[in-house]
Amino acid sequence: AYDYDRIVSLVASALAEQPTVKLNALAESLGIERHTICRALAKRVGHSFRSLQSQHIAAAAARRSDQGLTSTKEVAVAIGYSSGRALSRRLGRIRTP
């Protein structure tokens, strides 16, 4: 049996540090199968990895904006996107529960 609470905590910590991390890379770095991560998130927080990641990306973008970064491109690059357009597309897809 897996400790889903611990997995959720590890995923949340990783997303707080690097919100744009890919699920495959995260699973590999944690030594946990990606489907186990997805199952833990669904059972414990009721969200998919992508949904939780989108929330972390939006929060990181808001923090960067509050820190004085004014353009979408500056914010995007600061959190790991190559362009402001890519960040805008991702933020436009966020669904709130």
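Start by selecting Gly31, just after helix 2: its phi is positive, about 70°. Helices here are DSSP runs (H or I, at least four residues), numbered from the N terminus. Before you go on, know that this is a predicted model: local features need pLDDT of at least 70, side-chain atom pairs count only at pLDDT 80 or more, and totals for chains, interfaces and linings use all residues. Residues are numbered from 1 along each chain as its sequence is written, and side-chain values use heavy atoms, with hydrogens and water left out.

**Stop 1: helix 2**

Now step back and select helix 2, residues 23-30. Which residues of helix 2 are buried? Pick out Leu23, Leu26 and Ala27. Those three cover an arc of only 100° around the axis, so they sit on the same side of helix 2. The arc is that of the directions from the helix axis to the C-beta atoms. "Buried" means under 20% relative accessible area, "exposed" means over 50%, and "partly exposed" is in between (1.4 Å probe, protein chains only).

Turn the view round to the face away from the buried side of helix 2, and you'll meet the exposed residues Glu28 and Ser29. What covers the buried residues of helix 2? Show helix 1 (4-17), helix 3 (34-44) and helix 4 (49-66), which are included in that cover.

**Stop 2: where helix 1 meets helix 3**

Keep helix 1 and helix 3 on screen. Two packed helices are described by the angle between their axes and the distance between the axes. For helix 1 and helix 3, the angle is about 100° and the axes are 9 Å apart. The axes are lines fitted to C-alpha atoms, for helices over the stretch in contact, and angles run from 0 to 180 degrees between N-to-C directions. Helix 1 and helix 3 are therefore roughly perpendicular to each other. The cut-offs for such angles: under 35 degrees is roughly parallel, over 145 roughly antiparallel, 65 to 115 roughly perpendicular, and the rest oblique.

Next, show the side chains. From helix 1, select Tyr4, Asp5, Ile7, Val8 and Val11; they meet Thr36, Ile37, Arg39, Ala40, Leu41, Lys43 and Arg44 in helix 3. The residues of this contact divide into seven nonpolar, one polar and four charged. Here Ala, Val, Leu, Ile, Met, Phe, Trp, Tyr, Cys and Pro count as nonpolar, Asp, Glu, Lys and Arg as charged, and the others, Gly among them, as polar. Contact means heavy atoms within 4.5 Å.

**Stop 3: Val45**

Hop to Val45, in the loop between helix 3 and helix 4. Val45 is partly exposed, with a relative accessible area of 34%. Leaving aside neighbours within four places in sequence, Val45 is in contact with Val8 and Ala40. Try a C-alpha to C-alpha distance: Val45 and Val8 are 8.1 Å apart in space, though 37 residues apart in sequence.

**Stop 4: two residues in helix 4**

Select Leu52, which lies in helix 4. Leu52 is buried, at a relative accessible area of 12%. Which residues does Leu52 touch, not counting residues up to four places away in sequence? Light up Val11, Leu15, Leu41 and His47. The C-alpha atoms of Leu52 and Ala12 are separated by 8.3 Å, and the two residues are 40 residues apart along the chain.

Then pick Ser54, also placed in helix 4. Ser54 is buried, with a relative accessible area of 7%. From Ser54 to Gly92 is 9.9 Å, C-alpha to C-alpha, across 38 residues of sequence.

**Stop 5: helix 5 and Gly84**

Move on to helix 5 (residues 72-79), where the buried residues are Val75, Ala76 and Ile79. They cover an arc of only 100° around the axis, which puts them on the same side of helix 5. Their cover includes helix 4 and helix 6 (84-92). Following helix 5 is Gly80, with a positive phi near 110°.

Finish in helix 6, with Gly84. Is Gly84 buried or exposed? At 12% relative accessibility, Gly84 counts as buried. Apart from neighbours within four places in sequence, Gly84 is in contact with Thr72, Lys73 and Ala76. Gly84 and Thr72 are twelve residues apart in sequence and 4.9 Å apart in space, C-alpha to C-alpha.
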